[in-house]
Amino acid sequence: MSDRRASYIHGTEASEQERLAALNRMTNAPFLDFLGLAPTEEVLEVGSGLGLLASEAAARVPGGRVTGVEYSGAQLGAAVEPPANARFVQGDAHNLPFPADSFDVVYCRYVLEHVADPGRVVGEMRRVARPGGRVLVQENNIEINRFDPPCPAFDRVWGRFAELQAMLGGDALIGRRLYRLFKGAGLRRVELSVQPEVHWSASPGFVPWVTNLIGNVRSGEKALVERGLVSRDDIRGAIAELQDLMTREDASAIFYWNRARGVK
Ligand SMILES: C[S@@+](CC[C@H](N)C(=O)[O-])C[C@H]1O[C@@H](n2cnc3c(N)ncnc32)[C@H](O)[C@@H]1O
């Protein structure tokens with residue numbers, strides 16, 4: 001396997017895998033609509049994690065197949081049992097273990113922020129797509145998170161979280177680079193879009209969304225503290241602020257995912 005991988009900031013603890021599963025429950029439906037899969041398409045998910053999204057994608061291609069490629073044995077070990085038309089294989093996104101021109105649709109989600117060389121990964125996604133095939137991604141730019149009332153203690157830790165991700169070889173702000181990455185990989189008809197996360201105290205998504213952000217902070221806590229980027233008190237303060245936000249009746253949170261699609 002390649003040595004180009006960055007360290008995965010969130011890790012693969014059971015609590016983190018539960019956070020990822022909850023994030024899937026929140027974000028899968030609009031992402032599957034974005035993919036616009038046709039029933040017989042051959043599909044690849046790069047960095048398929050627990051296989052939750054790939055399994056739902058498989059239900060949209062009853063006459064086709066979904067392959068998920070994932071480098072972490074811990075994630076593959078905890079992955080859901082794939083449906084009959086899906087499979088999960090181990091491999092590195094920088095060197096996809098498939099011949100050129102293999103898939104109608106190649107996508108990744110919440111992965112480019114974690115890889116050492118996202119340009120190479122998008123290039124690999126293009127390589128394994130068939131001519132005329134689609135490449136789609138949805139990624140993060142964590143600086144977009146906003147709350148009302150403001151959460152300055154969280155904001156401080158969140159800024160250090162982006163620094164930690166850079167130290168680990170990733171890019172927590174990668175969402176803003178998608179157009180350049182797609183153009184650099186030689187994709188055609190590149191289009192950008194966003195998927196909003198707009199939540200408020202009375203909306204059903206508010207508590208799950210803020211809980212997800214608390215989980216994010218917890219997933220990076222050990223490394224943040226060990227590297228001296230924040231103190232345990234800073235972490236406690238950030239989490240307390242978000243917990244307080246969840247008890248209010250007048251709070252709101254805004255974010256958006258960055259998306260890109262292109263054609264080979
Ligand atoms: C945040 S999870 C997202 C999983 C899934 N795409 C989803 O949307 O639920 C990111 C996944 O990418 C995997 N990953 C990170 N770098 C990778 C690489 N170079 N090759 C393959 N998988 C990678 C991680 O192990 C992790 O399972």
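Before anything else, one cut-off: I call a residue near the ligand if one of its heavy atoms lies within 4 Å of it. With that settled, hello everyone, and thanks for having me; what you see above is a predicted model.

Let's start with the ligand. There are 19 residues around the ligand, and those that come nearest are E45, G47, E70, Y71 and D92. Sorted by character, this shell divides into 7 nonpolar, 7 polar and 5 charged residues.

Now, which atoms of E70, G47 and D92 pair up with the ligand? Let me take them one at a time. For E70, an N or O atom of the side chain is 2.6 Å from an oxygen atom of the ligand. For G47, a polar backbone atom is 2.8 Å from a ligand nitrogen. And for D92, a polar side-chain atom also has a nitrogen atom of the ligand as its partner, at 2.8 Å. How much of the ligand does the protein bury? Taken alone, the ligand exposes 600 Å², and 98% of that is buried by the protein.

So where does the ligand sit? In the largest cavity. In fact, the count of cavities of 30 Å³ or more comes to 1. The volume of the largest cavity is about 600 Å³. Its lining has 45 residues, and closest to the centre are Y8, R109, Y110, V111 and H114. If you'd like to trace the walls on the screen, the elements giving two or more residues to this lining are the helices α1, α2 (52–59), α5 (152–167) and α7, together with the strands β1 (42–46), β2 (65–70) and β8 (252–263). By character, the lining of the largest cavity divides into 22 nonpolar, 16 polar and 7 charged residues.

Next, the open space. The largest pocket holds about 270 Å³. It is lined by 16 residues, and S15, R19, I214, G215 and R218 are the closest to its centre. Which elements give two or more residues to this lining? They are α1 (14–35), α7 (206–226) and α8 (232–247). Of these, α7 provides the largest share, with 7 residues. The pocket lining divides into 5 nonpolar, 7 polar and 4 charged residues. You may remember α1 and α7 from a moment ago, as both also give residues to the lining of the largest cavity.

Let me finish with two details of the backbone. As a reminder, most peptide bonds are trans, and most residues other than glycine have a negative phi. With that in mind, have a look at D148 and P149: a cis peptide bond joins them, with omega about -5°. P149 belongs to the loop between β6 (146–148) and α5. The other one is D101, a residue other than glycine whose phi is positive, near 65°. You'll find D101 in the loop between β3 (86–90) and β4 (103–109).

That's my tour, and I'm happy to go back to any part of it. Thanks for listening!

Definitions and conventions. Residues numbered from 1 in each chain as written. Predicted model: local features only at pLDDT ≥ 70, side-chain atom pairs only at ≥ 80, totals over all residues. Heavy atoms only, no water. Polar contact = N/O pair within 3.5 Å; in protein donor to acceptor, adjacent residues only side chain to side chain. Areas by Shrake-Rupley, 256 points an atom, 1.4 Å probe, with all protein chains shown as cover. 1 Å grid on protein atoms, 1.4 Å probe; cavity = no way out; pocket = protein on both sides within 12 Å on 5 of 7 lines; lining within 4 Å. Sits in = over half its atoms within 2 Å of the grid points. Nonpolar A, V, L, I, M, F, W, Y, C, P; charged D, E, K, R; others polar. Points joined across faces, edges and corners; volume = space filled by probe spheres on them. Helix = DSSP H or I, 4+ residues; strand = E, 2+ residues; numbered from the N terminus.
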